[in-house]
Amino acid sequence: MKKEDCFYLGKIVKKYSFKGELLIKLDTDEPDLYESLDALFIDLRNNLVPFFIESSQLHKSDLLRVKFEDVDTEADADALIKSDIYLPLEFLPKLDDDKFYFHEIIGFQVIDKTHGNIGTIKSVNDSTAQALFEIDKDGIEILIPMNDEFISKVDKTKKEILVNTPEGLIDLYLE
């Protein structure tokens, strides 16, 4: 399994018991969707390694308490702390038509109400306070905040996102 075929689910943050149980901080708005998984992938030295789950339950809303098969001691558990957790993309819940996962919209065209086609989404920058579309227009990078007020329509069939950006925003990049 390759990382590009998976999505980041969370990180192992600490041990829960002396029997090898661990707590995973889930990076999701719906932690209950992941309470009864059979297995997941742990990133160990840049390799995704499958781990089978013996038991799991939600712990304090966004933490998942997990007991993996063959992780039976504190030392076994210590070796996994701070590891990232991944699941295959097909485990992502289906979203309504107007909602999307960041990885789904890479390659979509962005059509602005005033400027027309302003380019192709090459990535999403979510390291800032507000996520940004990173758009390539003939070698020029255009950044547009992923703000519900700016996004008019998401057309997954046509692979287009229609936006209505504030006056002057696009011009900043094209002048």
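Lys11 counts as partly exposed, because its relative accessibility is 30%, where partly exposed covers the range between buried (under 20% relative accessible area) and exposed (over 50%), computed with a 1.4 Å probe on protein chains only. The model is predicted, so that local features need pLDDT of at least 70 and side-chain atom pairs count only at pLDDT 80 or more, while totals for chains, interfaces and linings use all residues. Residues are numbered from 1 along each chain as its sequence is written, and side-chain values use heavy atoms, with hydrogens and water left out.

The side chain of Lys11 meets that of Asp84 in a salt bridge, with 2.8 Å from N to O; the term stands for a side-chain nitrogen of Lys or Arg within 4 Å of a carboxyl oxygen of Asp or Glu. This pair links distant parts of the chain, since Lys11 belongs to strand β1 (residues 6-15) and Asp84 to strand β6, 73 residues apart. Helices (H or I, at least four residues) and strands (E, at least two) are DSSP runs, numbered from the N terminus.

Strand β1 also holds Lys15, which forms a salt bridge with Asp78 in helix α1 (residues 74-78), so that parts 63 residues apart in sequence are tied together. The closest N and O atoms of Asp78 and Lys15 are 3.0 Å apart. Asp78 counts as partly exposed because its relative accessibility is 41%, and Lys15 falls into that class because its value is 27%. Glu74 joins Lys15 and Asp78 in a network of salt bridges.

A further salt bridge brings together the side chains of Glu21 and Arg65, at 3.1 Å from N to O. Here Glu21 lies in the loop between β1 and β2 (22-26), whereas Arg65 lies in strand β5 (residues 63-68), 44 residues away along the chain. Both Glu21 and Arg65 are buried. By the rule given above, the count of salt bridges comes to nine.

The strands named so far belong to a closed barrel of six strands, which runs β1-β2-β5-β4-β3-β6 with antiparallel pairing. Neighbouring strands of this sheet are turned by 45° against each other on average, direction ignored; the axes behind such angles are lines fitted to C-alpha atoms, for helices over the stretch in contact, and angles run from 0 to 180 degrees between N-to-C directions. Within the barrel, strand β3 (residues 39-44) pairs with strand β6 (residues 84-88) in the antiparallel sense over two bridges, and two strands pair if DSSP finds at least two bridges between them. Ile42 stands opposite Ile85 in β6.
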